[in-house]
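The following exercises are to be worked with the sequence and the coordinates at hand. Each task is followed by a stepwise solution.

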Amino acid sequence: MTAMPTETFTLTIGNLSRELPLVRPTPTTRLPLVEFLGDTQLVKAAANATVALIPEGTQVLFTCETSSIPYVHSLAEIMNLPYEVARKRRRPYMHDPIIQDVQSMTLGVGETLWLDLRHAANLRGKNITIVLDVVASGGTIASLEKMILRAGGKPHGRVAAFSHGQPKIEIAVMQQLPILDSRS
Amino acid sequence: MPNAVQYKIVKTHSVQIGSLTRELPVISVAPGVAVALLNLLGDTELTEEAGKALAALLPKGIEVLVTPEVKAVTLAHVISRILGIPYIVARKTQKPYMFEPVTREVLSITTGKPQLLVIDGFDIPKIKNKSVAVIDDVVSTGGTLRSLSALITDIGGSVNATLAVFTEGDPRDDVIALGHLPLYLGEKG
């Protein structure tokens, strides 16, 4: 059981600010925990600030569940673009889904992404830009790009609202969040 | 033109939400059971339209919205944004960063497997002693709804309304919905 974090990091986007709790993914590091679910104002501010990062020629936005979904919905609405969501579980209504493993960064635990054939069809022949709330090692991005290729789409861009530290892959990030050591 | 990703919908069910019409694919989900599949994820226009219509139907006095992960998250987001009422997502897995989460198991008929509903301890003060509306995309057997309501009650919230885009199967009057979907039994979707 984790203890209630008391220290916070102040996030500012435009004239909106949030006190993000610091969590400890390892005994020696602390990260600000940003959460889009439940915070419509933060989502709106982040989506507005992300529009300029979406490469020209993008035809479809692509993300994976869950915490990125309201952010990508808002971005899609502002830009009048369709979006698709890779799911983390197989659902009974999926037929011939694209199934892609992810080497997850945070816990070293593998994950699997699922994209129903009906949705994969919407990526085919299109310029697809991946949009995530937070990018860490880039493992999820790599898997989403494989899914785009398997669906017959063209990977066109990589965008994230936040990164923890300097991203290890090439990606447009709205704001970099610090990785703090345990004593700083 | 040959391609790997091609999908042909055999049968559809037409629905109207506000000014929008959608042809929902009728998809088989189990032997002898097919559903008209509503998909809000990726359909920004429909989500906004449904959210607007449901926001207008939300009973007075509701202080917080709770939605189960995943498919109704954008719907709850839209209603929350329109009315300025906060929303909370009940997650399906416990996250390492959660603080004293509370959980409840759901026995879902459609997935066939027990599922977990989890509310982060951080969110409990936002639900405790509050008037809660549950938001979902489609309410069918009501299994998720019952578990989620029990979980909310456990942590001291009172569930005073349930809103969904559609009810499905047997008509029910305990859910505020914009329409009703048939359940297709004994035929192939």
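**Exercise 1.** Which residues of strand β5 (residues 87-90) of chain B point one way, which point the other way, and are they buried or exposed?

*Solution.* The model is a predicted one, in which local features need pLDDT of at least 70 and side-chain atom pairs count only at pLDDT 80 or more, while totals for chains, interfaces and linings use all residues; side-chain values use heavy atoms, with hydrogens and water left out. Residues are numbered from 1 along each chain as its sequence is written, and chains are lettered from A and ligands numbered from 1 in the order in which they are written.

Step 1. Strands (E, at least two residues) and helices (H or I, at least four) are DSSP runs, numbered from the N terminus.

Step 2. B:Tyr87 and B:Val89 point one way, B:Ile88 and B:Ala90 the other. In a regular strand the side chains alternate between the two faces of the sheet.

Step 3. All of these residues are buried, where buried means under 20% relative accessible area, exposed over 50% and partly exposed in between (1.4 Å probe, protein chains only).

**Exercise 2.** Determine how β5 of chain B is connected to its neighbouring elements.

*Solution.* Step 1. Two strands pair if DSSP finds at least two bridges between them. Strand β4 (residues 64-68) of chain B runs parallel to β5(B), with 4 bridges between them.

Step 2. B:Pro68 has B:Ala90 as its bridge partner in β5(B).

Step 3. Together with helix α2 (residues 73-83) of chain B, the strands β4(B) and β5(B) form a right-handed β-α-β unit. Right-handed here means that, with the strands pointing away from the viewer, the path from the first strand over the helix to the second runs clockwise.

**Exercise 3.** Characterise the largest cavity and its lining.

*Solution.* Step 1. On a 1 Å grid over the protein atoms alone, a cavity is a set of points where a 1.4 Å probe fits but cannot get out; lining residues have an atom within 4 Å of a point. Grid points are joined across faces, edges and corners, and a volume is the space filled by probe spheres set on the points.

Step 2. There is 1 cavity of 30 Å³ or more, and the largest cavity encloses about 110 Å³.

Step 3. Its lining comprises 13 residues; A:Val85, A:Arg87, A:Tyr93, A:His119 and B:Asn39 lie nearest the centre. Two or more lining residues come from each of β5 (83-86) and α3 (117-120) of chain A.

Step 4. The lining has 6 nonpolar, 2 polar and 5 charged residues. Ala, Val, Leu, Ile, Met, Phe, Trp, Tyr, Cys and Pro count as nonpolar, Asp, Glu, Lys and Arg as charged, and the others, Gly among them, as polar.

Step 5. A:Arg87 belongs to the loop between β5 and β6 (98-103) of chain A and is buried at a relative accessible area of 7%.

**Exercise 4.** Locate the backbone irregularities around helix α2 (residues 69-79) of chain A.

*Solution.* Step 1. Of the 11 residues of α2(A), 8 are buried, including A:Ile69, A:Tyr71 and A:Leu75.

Step 2. The peptide bond from A:Glu65 to A:Thr66 is cis, with omega near 5°; A:Thr66 is in the loop between β4 (60-64) and α2 of chain A.

Step 3. Just after α2(A), A:Asn80 has a positive phi of about 55°, although A:Asn80 is not a glycine. A:Asn80 counts as exposed, at 70% relative accessibility.

Technical notes. 1 Å grid on protein atoms, 1.4 Å probe; cavity = no way out; pocket = protein on both sides within 12 Å on 5 of 7 lines; lining within 4 Å.
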